[in-house]
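Me: Please take a close look at one part of this model. I would like the open sheet and what packs around it, then the cavity and the buried loop residues.

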Amino acid sequence: MRITNVSAILLIILSTVTFYSCEKVQSQLGQRTSKGGVELGGTLIVAISTDVKSYLPNQIADAVSSEVGLHLHEGLLKLNSKTLEVIPGLAKSWSVDNAGTSYVFTLRNGVKFHADECFGNGSREITAHDFEYSFRHLCSVEAGKAFETTFRNRILGANEFHDGTAETIAGVTVIDDYTLKVELFKADPSFLFVLAQPSTAVISKKAIEKYGDE
């Protein structure tokens with residue numbers, strides 16, 4: 001493992017410790033209850049020192065926005081709040097080849113976006129196509145620092161897509177609705193930690209089309 005990789009991992013972990021160790025976050029729920037006693041909606045209360053710069057994943061690049069984003073968004077992976085170990089998120093499992101450059105993620109079945117007008121006042125299941133769109137959104141020219149700290153020089157074709165010389169990201173492939181393949185330039189021990197950050201979370205194309213990037 002190179003020193004640069006160790007530094008990257010430590011930076012991500014230390015940042016995440018800040019997000020998870022803050023116990024000034026409360027969620028007031030109980031307004032609506034779904035099947036199985038699952039509580040929906042409510043109010044998230046977060047003690048922060050400055051304003052949140054953005055709630056959109058591809059714009060999250062500062063500690064305060066990340067702290068809030070961790071409670072609003074979910075990606076393929078997440079971190080155990082006590083051990084900081086990478087654990088399954090919307091991906092129930094994943095595998096990597098011997099070279100450490102090709103990852104295959106298997107998504108959970110039946111997970112849906114929150115109900116919204118953009119889905120016809122209903123909801124819709126999250127698929128690998130949504131992650132492919134989300135990753136393109138993160139690699140767009142508008143992403144700025146969020147792209148620089150996540151996918152630049154990591155995922156094949158991400159740089160070209162960001163620079164406008166490619167229409168797709170070569171290293172991101174939808175195998176089927178529940179299987180996503182991601183290929184890297186080279187083996188990167190910090191990559192799984194990157195996928196546990198809110199900037200790499202899933203978003204809906206329909207929501208972006210309805211509400212925009214603001």
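What follows is a walk through the sheet, its helix, the loops and the cavity.

Reply: This is a predicted model. Start with the frame. The protein chain has 7 helices and 10 strands. It has 214 residues, and 41% of them count as buried. Take the contacts between residues at least 6 apart in sequence: 54% of these join residues at least 24 apart.

Now the sheet. Four strands make it up, in the order β7-β8-β10-β9. The sheet is open and its pairing is antiparallel. β7 (91–96) and β9 are the edge strands, each pairing on one side only. From one strand to the next, the twist averages 20 degrees.

Go through the pairs from the β7 side. β7 and β8 are antiparallel and share 5 bridges. One place to look is W94, whose bridge partner in β8 is F105. The two strands form a hairpin, with 5 residues between them. In that turn, G100 has a positive phi of about 75 degrees.

Next comes β8 with β10. Strand β8 covers residues 102–107, and strand β10 covers residues 179–183. They run antiparallel and are joined by 5 bridges. T106 stands opposite T179 in β10. A helix packs on this sheet: α3, residues 128–138. α3 touches β8, β9 and β10. Its direction makes about 170 degrees with that of β9.

What leads into β9? G171 sits in the loop between α5 (158–163) and β9 (172–176). G171 counts as buried because its relative accessibility is 0%, and the cut-off for buried is under 20%. Its contacts beyond four places in sequence are I155, L156, K181, V182 and E183. K181, V182 and E183 belong to β10, which spans residues 179–183. G171 and K181 are 10 residues apart in sequence, and their C-alpha atoms are 7.6 Å apart.

Move to a second loop residue, S204. S204 lies between α6 (191–194) and α7 (205–211). With a relative accessible area of 3%, S204 is buried. Leaving out residues up to four places away in sequence, S204 touches F113, F119, R124 and Y133. Y133 falls within α3, residues 128–138.

A third loop residue, N58, brings in the cavity. N58 is in the loop between β4 (43–46) and α2 (63–72). N58 counts as buried, at 3% relative accessibility. Beyond four places in sequence, N58 touches H137, L138, S140, A143, A146 and S199. H137 and L138 are part of α3, residues 128–138. N58 and C139 are 81 residues apart along the chain, yet their C-alpha atoms are separated by 7.9 Å.

Where does the cavity fit in? The structure holds 1 cavity of 30 Å³ or more. The volume of the largest cavity is about 50 Å³. N58 is in its lining, together with P57, S134, F135, H137, L138, S199, T200, A201 and I203. H137, L138 and S199 are also contacts of N58. By class, the lining has 5 nonpolar and 5 polar residues, and no charged ones.

To retrace the route: α3 packs on the sheet, and residues S134, F135, H137 and L138 line the largest cavity. On the sheet side, α3 touches β8, β9 and β10.

How values were computed: Residues are numbered from 1 along each chain as its sequence is written. This is a predicted model: local features need pLDDT of at least 70, side-chain atom pairs count only at pLDDT 80 or more; totals for chains, interfaces and linings use all residues. Side-chain values use heavy atoms; hydrogens and water are left out. On a 1 Å grid over the protein atoms alone, a cavity is a set of points where a 1.4 Å probe fits but cannot get out, and a pocket is an open set with protein on both sides within 12 Å along at least five of seven lines; lining residues have an atom within 4 Å of a point. Grid points are joined across faces, edges and corners, and a volume is the space filled by probe spheres set on the points. Ala, Val, Leu, Ile, Met, Phe, Trp, Tyr, Cys and Pro count as nonpolar, Asp, Glu, Lys and Arg as charged, and the others, Gly among them, as polar. Buried means under 20% relative accessible area, exposed over 50%, partly exposed in between (1.4 Å probe, protein chains only). Contact means heavy atoms within 4.5 Å. Two strands pair if DSSP finds at least two bridges between them. Axes are lines fitted to C-alpha atoms, for helices over the stretch in contact, and angles run from 0 to 180 degrees between N-to-C directions.
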